[in-house]
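Visitor: Please take a close look with me at a single part of this model, one that I can follow piece by piece. Before you begin, tell me where the prediction calls for caution.

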Amino acid sequence: MTENAPNSAEFTEFRPEARAPRGFADKRASQIAVERRLIARVSEVYESFGFEALQTSAFEYADALGKFLPDADRPNVGVFSLQDDDDQWMALRYDHTAPLARFAAQNWDTLPKPFRRYAFGPVWRNEKPGPGRLREFMQCDADTVGTDRPEADAEIIALAVAGFRANALPTVLKINNRKLLNGLLSALGADSPAQQMGVLRAIDKLDRLGLEGVELLLGGGRKDESGDFTKGAGLSDKAIAAVLGFVAAGRDSAGGQAERGAVLEKLAAVLSESAEGQAGLEDLSRISTALTGLGVSEAEAIFDPSIVRGLEYYTGPVFEAELLMETRDEKGNLVRFGSVGGGGRYDDLVARFTGERVPATGFSFGVSRLAAALALAEEGAIQAVRGPIVIIAFSESDMGEYFRLAADIRAAGLAVEVYLGRSGMKAQMKYADRRLSPAVVMLGGDELANNTVTIKDLDQGRLLASQITDNKEWREARPGQVTLPRAEAINHLKSIVNS
C-alpha cells in the first residue's frame with residue numbers, strides 16, 4: 001500500500017452518497033450513439049453548404065459572454081465560472097454563438113468574409129434544473145458572419161431543414177422578423193418597455209391560449225383555470241384588433257397554415273404605415289424567393305408572425321424549429337417537445353468587441369433535446385447499442401490463445417473482447433447477453449486440441465429458444481450454436497454481425 005493510499009477505516013468513517021449533480025445527466029452507449037449520429041448527419045449537411053468546422057474552448061472570459069452577466073460583481077449568474085490565478089473570471093460557454101463572436105472579432109482581419117463556420121459540443125447553463133431542463137446539453141450550430149443579405153438567412157433556414165431531413169425528423173421551421181414586431185409596436189403607439197413586453201408576451205402565447213386568450217392579455221388581463229390573474233397590456237380595442245390581425249396573418253381562411261406569399265400580403269396591410277415593418281416584409285420576401293430556389297417546401301418552412309424569441313439580441317429574421325413527431329412517456333402520456341432548434345439574425349453581437357456592426361445569422365440544433373425526443377418516440381428510434389463479440393475464458397493457462405484469437409477477429413474489423421472477470425460459464429453467457437453481444441466464441445480443451453472454435457449466434461439462439469418450450473430439448477438442441485474449423489471462424493462471425 002502506498003503512503004497516501006486510504007485505509008479501510010477511512011471508508012467506514014465517511015461514505016458519500018453516490019449521486020449525480022442536479023441538472024446533469026449520465027449517458028450510456030445508446031444515447032451517446034444517437035447524439036453522435038445526429039451530429040454526424042447534421043455536420044455533413046453543414047459541410048455540403050460550405051461551412052467549415054471550428055472548435056473553441058469550453059471556457060471563455062466571463063466579460064466576453066455578456067448575455068447572462070447582468071451583474072459584473074456576480075459573474076456566476078447564469079453561467080458556471082471560476083477566477084483564474086490572474087484574477088480574471090472565466091466561465092463555461094453557455095452557447096456556441098458567444099465564442100464565435102469573440103473568435104471573429106479576434107481574427108477578423110485574416111478570416112475569409114463572409115465567414116461560414118459550424119460547431120458542436122456541450123454547453124452549460126447555471127439555471128434552476130427541472131423536468132427536461134438540464135444544465136449541460138449538446139448543441140450543433142452553423143453561422144454566417146459578415147453579410148447582411150436576406151439570402152444568407154434563407155440559406156441558414158435551408159440547411160436547418162436539410163439537417164432535419166437527414167435525420168428523418170418531421171419538423172417545421174417557423175420564421176418571423178424582429179423588424180415586423182418593431183413595426184407593429186410602433187404602429188400601436190406602444191412606447192413604454194412594459195407595454196411592449198406585455199404585447200410580445202401575449203403574442204408568444206398564441207399556440208397555448210389561442211386568439212381569445214391573446215385578446216384578453218392584450219386588454220385588461222386574463223384569469224387562468226387556477227384563478228391566477230395575469231395583468232394585460234392595456235391596449236385599446238383598435239390596437240388589439242391590429243395585433244390580432246397581425247398574428248392571424250399566418251392562417252388561411254380555413255384556419256390552416258397560409259402560404260408564405262399570402263402571409264406577406266396580409267402583413268403588408270397591417271404594417272402599411274411602418275417603414276421598419278415594410279423593410280422586414282422585404283427581407284421575408286427575398287427569403288421566400290431564395291427558399292423556393294433552395295427546394296424548401298411551404299410545409300417545411302412557414303412564415304409565422306407569432307414567433308417571439310431572443311428579443312435581447314436578434315435584430316432581424318428569427319427561426320424556430322418545431323418537432324412534429326408524437327412522443328409519449330413511460331405511462332403513455334403525450335409529451336410535447338415543441339422547439340428543438342432555433343436561430344436568427346444578430347447583427348450587434350460582434351460589435352461588443354470591435355465597436356463596429358458586423359452582420360451575422362445562424363441556427364442551432366438542440367441535439368440533447370432531439371435525442372430525448374427520439375428516446376420517447378413511438379417508433380423506438382433509440383435502440384440499445386450492440387456489444388462486442390465475447391470470447392469465453394475457460395482456463396487461466398489458455399488466456400494467450402484467447403487473446404490471439406481476439407487479435408485475429410479485431411484485425412478483420414469486428415469488435416471483440418476476452419472476458420476478464422472471474423465468473424463461470426453461466427455468468428459469462430449472461431454477461432454477453434446483457435452486452436447485447438451478437439455472438440460468443442468458445443475455445444475449450446476440445447476446440448484447442450482439434451483447431452476448431454465453437455460459436456454461439458446469440459440472436460438466432462434467442463429466436464430459436466423462444467420456440468422451444470421443453471428445457472431438455474433446449475439443452476440438447478443448443479440453438480444457434482455451431483463448431484467449425486478455426487480458419488472459418490471469422491467469416492462465420494462476419495455473417496452473424498452483418499446479418
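**A sheet and its helices**

Guide: Over residues 68–73 the pLDDT stays under 50, and the model has 12 contacts for this stretch beyond four places in sequence; pLDDT is the predictor's confidence in each residue, from 0 to 100, and contact means heavy atoms within 4.5 Å. Where pLDDT is low, the predicted coordinates should not be read in detail. The protein as a whole averages a pLDDT of 87, with 88% of the residues scoring at least 70. Mean confidence is lowest in helix α18 (residues 471–477), at 51, and highest in strand β1 (residues 52–53), at 97. Helices (H or I, at least four residues) and strands (E, at least two) are DSSP runs, numbered from the N terminus.

This is a predicted model, in which local features need pLDDT of at least 70 and side-chain atom pairs count only at pLDDT 80 or more, while totals for chains, interfaces and linings use all residues. Residues are numbered from 1 along each chain as its sequence is written, and side-chain values use heavy atoms, with hydrogens and water left out.

The part I would choose is an open sheet of 5 strands, ordered β17-β16-β18-β19-β20, whose pairing is mixed; two strands pair if DSSP finds at least two bridges between them. At its edges are β17 (416–418) and β20 (481–485), each of which pairs on one side only. On average, and with direction ignored, neighbouring strands of this sheet are turned by 25° against each other; axes are lines fitted to C-alpha atoms, for helices over the stretch in contact, and angles run from 0 to 180 degrees between N-to-C directions.

Within the sheet, strand β18 (residues 439–442) runs antiparallel to strand β19 (residues 452–457), and 4 bridges join the two. Met-442 stands opposite Thr-454 in β19.

Two helices pack on this sheet, and they are best followed by the strands they touch. Helix α15 (residues 425–434) touches β16 (389–392), β17, β18 and β19, and its direction makes about 175° with that of β16. Helix α19 (residues 489–497), in turn, touches β16, β18, β19 and β20, and its direction makes about 5° with that of β19. The edge strand β17 is thus listed for α15, and the edge strand β20 for α19.
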